[in-house]
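Student: Could you take me through one part of this model closely, namely the salt bridges and the elements they join, and set that part against the sheet, the cores and the domains around it?

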Amino acid sequence: MATYVGSNYRRKEDYRLLTGKSEFVADMKLHGMLEVAFVRSMHAHAEIAVDGTEALKMPGVHAVLTARDLAGVVGPLNPLEEFRLPQDLIDTIHPVLLPCPEDILAVDKVVYAGQPIAMVIAENRYLAEDAAARVLVKYTPLPVLADPFRAREPGAPPIHPAMGSNVQASLHVEVGDVERGMAEADCLLKRRFVVPRVTANPLETRGVLADYDRRSDSLTVWTSTQVTFMVRSNIAKLLDIPEEKVRVVAPDVGGGFGTKGGVYPEEIAIAYAARRLGRPVKWIEDRMEHMQSCRQSRDQVHEVEVAFNRDGRILALKDEFVVDSGAYNPLLVTCPYNTVAHMRGMFKIPNFAIAGACVITNKTPSIAYRGAGRPEAVFVMDRLIQIISRELGLDPVEVMEVNLIRPEEMPYDQGMYYRDGTKLVYDSGDYPATLHHALELAEYDRYRALQRERRSEGEYIGIGISSYIEGTGIGPFEGAVIRVDATGQIVAYIGSTPHGQSHETTLSQICADEFGVSPEQVTVRAGDTSLLPYGVGTFASRGAVTAGSAVQVASQKLREKMMRIASHTLEIPVEDLEMRDGKVFARQMPGRSMSFRDIARAARPGPNPARPADLEPGVEATHYFVPPSVTYSGGVHVAVVRLDKDTGQIDIIRYVVVHDCGRVLNPMVVDGQIQGGVAQGLGEAMYEQIVHDEQGQLLTGTYMDYLQPTAMEVPDVIQGHSTFLSTRNAMGVKGVGEGGAISPPAAIANAVSDALSMIGIEVNEVPVTPVKVLQYCREADARMRLAAAEGAR
């Protein structure tokens, strides 16, 4: 029986982080280290000619590198292999996927403002910045396409001429007979929904430090990343060196949220510079660089048609959406296919057709951000639920209930494929129960009554509900090596790369339960490609499912091996032995025992081994967990808000989340993930938006323009757990990292729409800022005055 899994075990990471003993890339200093400043494009689209002669003359400058220096030596960065659709899924849905390699440094033209053009390497960052200002870049402006709808028009000049089009990727998926569903329905409606471009803004910006060892002809790269193995493979490939000569380490990482879940040109450039100069080379991104050049996300526009009956049952849904991918799209259709796969969420919608297009524009390139296509889908679906309820004069709960998948229908097949190429089949859950649990915690009936009461007094209270399903724990695999060292300490080496997920805590809890010890006797090491041969990374709510399962199975393998060694030495059958508190002992004779240290000594190689002859030396086991498919987490958010019609201010009175992540490894960690996710989701719902002008220039490059919620704006989330174990791994766990961020935009938009329903307002785009609320109210007042004037005539 588990002792530590499921308990609120204190985070092992916190002492290091809170006492200043952590180490981020920016903290690292190596002897002889040089520092880099990048010269970045001032234009969104222009031909360029670069001259670094004057910069190179400045004192303390060691090199000024441009695309000419990299030509024939460093290749371009292609879309990441790890995010490509499997071939069988490609053969099924036939997407259009056009190659679009990204230059490490701009070659003859730039395609977005902020693109790196040159790198200046100097004794320190100050000298590098001064010299960067002396690099002469001659720009010949080209037409800018900052609007994806203009960019995809026939005849629009392709930003990347080799593509021949600005539509880099497109896909179409259909389930059932949409036209028949539309024809048979009582009601039809159409709407347009807009989800803005945002950026992740982790506390720590990006940073890279590379060191070249001449003796071994090898590179060590420390980088603030979520995907060390992907960075390693791309450095090796693009610099044309063996992978075994590249080690990539992610030290402490101050947040990633998806934006660090890819490979960046700067990582390749810094590795190349260190190898070329034979000196350690470091670059730390400043916040303005982050806002302008770090990859961004969301930015979808949906044109939707839905067919439904008078009882609220949805018969058919048709959606066409466009994703503004910016100048490059390294994840191809990852985010749009997530949108496709998650659109119907918890609902039974038998007829479904959806088409999406990824359009290249002269904006910052795109990447996944916490939720990665799911918040967009949930926003569309949950806004439709509320709009349908208003059209029919029903409570949104009634419309949800009539469409929810029932627990007796599990496992439920949605009739299409997931991104990993497997059938999209929900494995477990009770969605009606989850909904009613959330409504109970939200005191839904009480606030509905309060809403009616206060409306007569001119007070605007609104309630918004959002539900979601999230495919979590995607493959292809994750690995773990579990080892007992000579002192008897257990060490777990994992391939994933934590950046706030509490891997050191939760994975040690899993391991400790298998060996019958305290988590303090388990050390978890991660974020280093030298620890084990293969790894993937930490993204897509996959850590607990993939790395956790790998740790569990590897621990079980090692436990079995240790029990056999103890049985051999003690001459007692395995079934009569027990493992607990760092030793193996005989149940009937507790005095006969072996400590973990004794077992490690017995397992050493040498003559006359004290282990069974068929066992390899050492106390170590490896397992790579390959999930059969994703696990499906789910949840319901309920937001209660109060609006000030005169100022547009939105106050959150109550915010509730009930989430199903299967077996909860550590409730405190899960609650923290949900609270933090909600904070980011509320930012997208109410404050955050990256804005470019028609010339592709960033207008929201500082925190004066790009607003984020603070602790004053984020409520304490009331949380409940709805536990339905996954059938796709032995622990029954599902992912949790993104669930908090998926539903807030829909929940807040629904709450504001509900509050303003008496004046006919629909909120179909976010963020819902005070300015927009005022605009909605003024437009409604103008409509009412016009109607009154026409009535008087």
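**Salt bridges in their setting**

Tutor: The domain assignment divides the protein into domain 1, made of 297-474 + 628-787, and domain 2, covering 478-625. Please keep in mind throughout that this is a predicted model. The centres of domain 1 and domain 2, taken over C-alpha atoms, are separated by 41 Å, and the contact involves 20 residues from domain 1 and 17 residues from domain 2.

With that frame in place, we can turn to the salt bridges, of which the structure holds 49. One of them joins Glu266 to Arg40, with 2.9 Å between the closest N and O atoms. Because Glu266 belongs to helix α9 (residues 265-277) and Arg40 to strand β1 (residues 34-40), this pair ties together parts that are 226 residues apart in sequence. Glu266 has a relative accessibility of 3% and therefore counts as buried, and Arg40, at 11% relative accessibility, counts as buried too. Both residues also belong to a network of salt bridges that links Arg40, Arg125, Glu129, Arg206, Glu266, Glu285, Asp286 and Glu289.

A further salt bridge runs between Arg232 and Glu243, whose closest N and O atoms are 3.2 Å apart. Here Arg232 sits in helix α8 (residues 228-239), while Glu243 is found in the loop between α8 and β12 (246-249), the two residues being 11 residues apart. Arg232 counts as buried at 11% relative accessibility, whereas Glu243, with a relative accessible area of 36%, is partly exposed.

The salt bridge between Glu684 and Arg298 again places the closest N and O atoms 2.9 Å apart. Since Glu684 lies in helix α19 (residues 667-686) and Arg298 in strand β14, the pair ties together parts that are 386 residues apart in sequence. Glu684 and Arg298 are both buried.

Strand β14 leads us from this last pair to the sheet, an open one of six strands in the order β4-β8-β16-β15-β14-β9, with mixed pairing. Its edge strands, each pairing on one side only, are β4 (96-97) and β9 (187-198). Within the sheet, β14 (residues 297-308) and β15 (residues 314-326) pair in the antiparallel sense over nine bridges, and Ala316 in β15 is the bridge partner of Ala307. Helix α12 (residues 374-392) lies across β9, β14 and β15, and runs at about 145° to β9.

The nonpolar cores complete the setting. The largest core has 158 residues, of which Met119, Ile235, Tyr655 and Ile748 touch the most other members. Helix α12 supplies the largest share of this core, nine residues, and the core draws at least three residues from each of domain 1 and domain 2. Ile235 falls within the residue range of helix α8, 228-239, and, leaving aside its neighbours within four places in sequence, Ile235 is in contact with Leu219, Val221, Asp240, Ile241, Val246, Val248, Glu267, Ile268 and Ala271. A second, separate core of 44 residues includes Ile490, Cys511, Leu570 and Ala621.

Taken together, the view from β14 joins several of these threads, for this strand holds Arg298, the partner of Glu684, pairs with β15 in the antiparallel sense, and is one of the strands across which α12 lies.

Definitions and conventions. Residues are numbered from 1 along each chain as its sequence is written. This is a predicted model: local features need pLDDT of at least 70, side-chain atom pairs count only at pLDDT 80 or more; totals for chains, interfaces and linings use all residues. Side-chain values use heavy atoms; hydrogens and water are left out. Two strands pair if DSSP finds at least two bridges between them. Helices (H or I, at least four residues) and strands (E, at least two) are DSSP runs, numbered from the N terminus. Contact means heavy atoms within 4.5 Å. Axes are lines fitted to C-alpha atoms, for helices over the stretch in contact, and angles run from 0 to 180 degrees between N-to-C directions. A nonpolar core is a set of buried Ala, Val, Leu, Ile, Met, Phe, Trp, Tyr and Cys residues joined through side-chain atoms within 4.5 Å. Buried means under 20% relative accessible area, exposed over 50%, partly exposed in between (1.4 Å probe, protein chains only). Domain bounds come from an automatic or database domain assignment. A salt bridge is a side-chain nitrogen of Lys or Arg within 4 Å of a carboxyl oxygen of Asp or Glu.
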